[in-house]
Number of protein chains: 2
Amino acid sequence: MPDEKPTSIWMLPERQERSGPGRRPGYSREQITQTAVQVADAEGVEATTMRRIASELGTGAMSLYRYVPKRDDLLDLMIDMVMGEIELPDRPSGDWRSDLSLVAHQTRAAGLRHPWLITLLTSRPTLGPHLLRVHEFALGALDRLGLDIDDISSFVGMLNDYVYSATRREIGWLEEARRTGLDPERWKRDYIGPYVRQIVESGAYPLFTRSVLESRTAHLPPAERFQYGLDRLLDGIGVHITSDISR
Amino acid sequence: MPDEKPTSIWMLPERQERSGPGRRPGYSREQITQTAVQVADAEGVEATTMRRIASELGTGAMSLYRYVPKRDDLLDLMIDMVMGEIELPDRPSGDWRSDLSLVAHQTRAAGLRHPWLITLLTSRPTLGPHLLRVHEFALGALDRLGLDIDDISSFVGMLNDYVYSATRREIGWLEEARRTGLDPERWKRDYIGPYVRQIVESGAYPLFTRSVLESRTAHLPPAERFQYGLDRLLDGIGVHITSDISR
DNA sequence: ACCATTCAGGTACGATGTACGCAAACGGAG
DNA sequence: CTCCGTTTGCGTACATCGTACCTGAATGGT
């Protein structure tokens with residue numbers, strides 16, 4: 001009777017250092033993951049093919065399968081390695097607003113360093129140890145404030161949703177700007193590809209048009225724009241925290 | 001000097017009915033898109049290959065390229081066709097809360113009918129006419145309430161983020177339940193695959209554990225659970241609407 | 001009746017993930 | 001040292017994908 005196959009990579013730890021016979025492994029999961037991250041940073045996640053990563057390590061594609069069951073698992077490992085870059089105190093400080101801000105900004109920073117992160121993170125449900133650590137910290141920031149666990153969970157979910165989508169939007173601009181060659185600042189002022197221009201000129205979507213043309217925050221530095229939306233969100237959460245004096 | 005190539009499928013309308021010489025087209029963009037949607041509904045988006053769709057129509061793969069430039073464009077067309085199922089009044093009613101609720105529930109319903117929709121929608125930036133229509137309606141719901149356009153845009157963004165991620169979570173349960181063969185209700189009570197169980201038993205993530213084990217809303221019918229989070233979000237938006245009397 | 005034009009779709013190419021199998025490296029037992 | 005079971009390295013091979021190219025059939029205007 002065979003073992004039931006592990007449901008995720010996190011239940012299949014790398015083979016440990018042993019002292020039996022047999023050839024020694026020449027690579028490691030971490031090394032392979034790191035290489036994959038570098039390739040993805042430089043050329044996008046679609047360049048992280050098994051052959052490409054292997055050749056980066058000077059070996060053959062099939063060698064990687066001694067360390068990683070499938071390519072999808074490698075994507076999970078990449079996500080978690082990068083989540084490991086997020087630095088947080090051991091415990092929340094007690095100031096929920098600055099704790100959540102910290103998580104938000106750190107996550108955004110990681111997302112900008114690795115433009116593939118957010119797409120991967122939101123397209124596959126994964127729960128690696130580092131992601132869990134960050135999540136636990138965020139939940140902890142709202143603990144002991146009179147909220148029940150469903151509200152805490154719900155608010156942290158909203159925070160994550162905001163951070164992911166705001167960061168994704170930001171990355172979208174950067175990539176669009178790089179593709180068209182313009183520098184981001186000038187590009188955002190003159191703005192918008194031909195398609196959005198067509199939408200605007202059609203006159204059929206007046207509010208969408210205003211959100212494109214009359215936006216104040218669109219001209220802010222990205223970090224301030226991020227902060228602006230974040231503050232709105234935290235204000236919304238704050239309403240439910242009775243012990244909060246600021247509002 | 002060639003035309004600059006269109007930036008999106010929406011700038012490349014289907015060839016119109018003409019009256020010149022040449023063979024008549026045997027298919028149409030809409031017909032192909034509809035077939036793709038059916039295949040995706042039945043077997044997932046990864047089954048919507050060009051060959052599969054073509055053979056469903058009784059033709060060869062390459063014929064599709066007379067109607068759609070690339071497979072990615074077909075994905076955009078699928079998204080927008082399904083967004084077209086969302087039924088909304090011509091103009092918002094004036095009750096912002098019920099207007100946004102309507103958008104939220106309609107979008108969730110479309111996402112549940114077509115489990116691939118949310119993944120596609122959040123993994124590729126697309127702005128088809130039907131998506132624009134829905135977005136414009138949502139923006140309109142918050143117009144004339146004393147908010148500036150950045151806040152309106154920001155709140156609608158938060159609403160979308162919530163709807164997408166809540167619906168995605170719900171779909172995840174359904175698929176997990178289908179995969180393991182259990183019916184959704186029982187499965188959600190007994191809950192959780194072996195990996196989450198291991199996390200819980202590790203004791204290292206007490207708040208995550210509580211969010212799994214002590215949740216009240218987890219046992220609610222999905223629609224009520226959705227409503228619960230939605231109400232929290234709308235409460236948060238309501239704070240910023242001064243003319244709102246309910247809070 | 002002819003022809004320029006348009007569509008249908010077969011063939012073919014490069015790329016991908018990965019199953020399979022064999023040879024090379026290794027440590028322990030004799 | 002010699003042999004042997006075990007483990008790793010990786011070449012070969014295959015199914016499947018998007019899609020470039022090309023030939024032949026259909027069509028309506030002249």
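**Figure 1. Salt bridges across the whole model.** Let's start with a tally: 28 salt bridges are counted over all chains. Please keep in mind that this is a predicted model. The general idea is a simple one: side chains of opposite charge can pair when their charged atoms come close. The close-ups below pick out some of these pairs, then turn to the DNA.

**Figure 2. Arg210(A) and Glu214(A) form a salt bridge in chain A.** The N to O distance between the two side chains is 3.4 Å. How accessible are the two partners? Arg210(A) is partly exposed, at 26% relative accessible area. Glu214(A) is likewise partly exposed, with a value of 49%.

**Figure 3. Asp72(B) and Arg124(B) are joined by a salt bridge in chain B.** Here the side chains meet at 3.9 Å, N to O. This pair links distant parts of the chain, its members being 52 residues apart. Asp72(B) belongs to helix 3 (residues 71-83) of chain B, while Arg124(B) sits in the loop between helix 5 (117-123) and helix 6 (129-141). Buried or partly exposed: which word fits Arg124(B)? With 17% relative accessibility, Arg124(B) counts as buried because the cut-off for that class is under 20%. Asp72(B), at 39%, counts as partly exposed.

**Figure 4. A salt bridge connects Asp231(B) with Arg97(B).** The closest N and O atoms of this pair are 3.7 Å apart. Asp231(B) lies in helix 11 (residues 222-238) of chain B and Arg97(B) in helix 4 (residues 96-113), so the pair ties together parts that are 134 residues apart in sequence. Both partners are worth checking for accessibility. Asp231(B) has a relative accessible area of 25% and is partly exposed. Arg97(B), at 24%, also counts as partly exposed.

**Figure 5. Salt bridges link five residues of chains A and B into a network.** From chain A come Arg97(A), Asp231(A), Arg232(A) and Asp235(A). Which residue of chain B takes part in this network? That residue is Asp151(B).

**Figure 6. Residues of chains A and B surround DNA strand C.** There are 30 residues around the strand. Those that come nearest are Arg51(A), Arg71(A), Gly26(B), Thr59(B) and Met62(B). Sorted by class, the surface near the strand has 12 charged, nine polar and nine nonpolar residues. On the DNA side, sugar or phosphate accounts for 55% of the strand C atoms within 4 Å of the protein, and bases account for the rest.

**Figure 7. Phosphate oxygens of DNA strand C meet polar atoms of the protein.** Does the contact of Gly26(B) come from backbone or side chain, and what is its distance? A polar backbone atom of Gly26(B) is 2.8 Å from a phosphate oxygen. For Tyr67(B), an N or O atom in the side chain is 2.9 Å from a phosphate oxygen. In chain A, an N or O atom in the side chain of Lys70(A) is 3.4 Å from a phosphate oxygen of the strand.

**Figure 8. Chain A is built with 11 helices and zero strands.** Read along the sequence, its pattern is α-α-α-α-α-α-α-α-α-α-α. Of the 247 residues in chain A, 47% are buried. Among contacts between residues at least 6 apart in sequence, 68% join residues at least 24 apart. The accessible surface of the chain is about 13,200 Å², and carbon and sulfur atoms hold 51% of that area.

Terms used. Residues numbered from 1 in each chain as written. Chains lettered and ligands numbered in written order. Predicted model: local features only at pLDDT ≥ 70, side-chain atom pairs only at ≥ 80, totals over all residues. Heavy atoms only, no water. Helix = DSSP H or I, 4+ residues; strand = E, 2+ residues; numbered from the N terminus. Buried < 20%, exposed > 50% of the residue type's maximum accessible area, 1.4 Å probe, protein only. Contact = heavy atoms within 4.5 Å. Areas by Shrake-Rupley, 256 points an atom, 1.4 Å probe, with all protein chains shown as cover. Near = heavy atom within 4 Å. Polar contact = N/O pair within 3.5 Å; in protein donor to acceptor, adjacent residues only side chain to side chain. Nonpolar A, V, L, I, M, F, W, Y, C, P; charged D, E, K, R; others polar. Salt bridge = Lys/Arg side-chain N within 4 Å of Asp/Glu carboxyl O.
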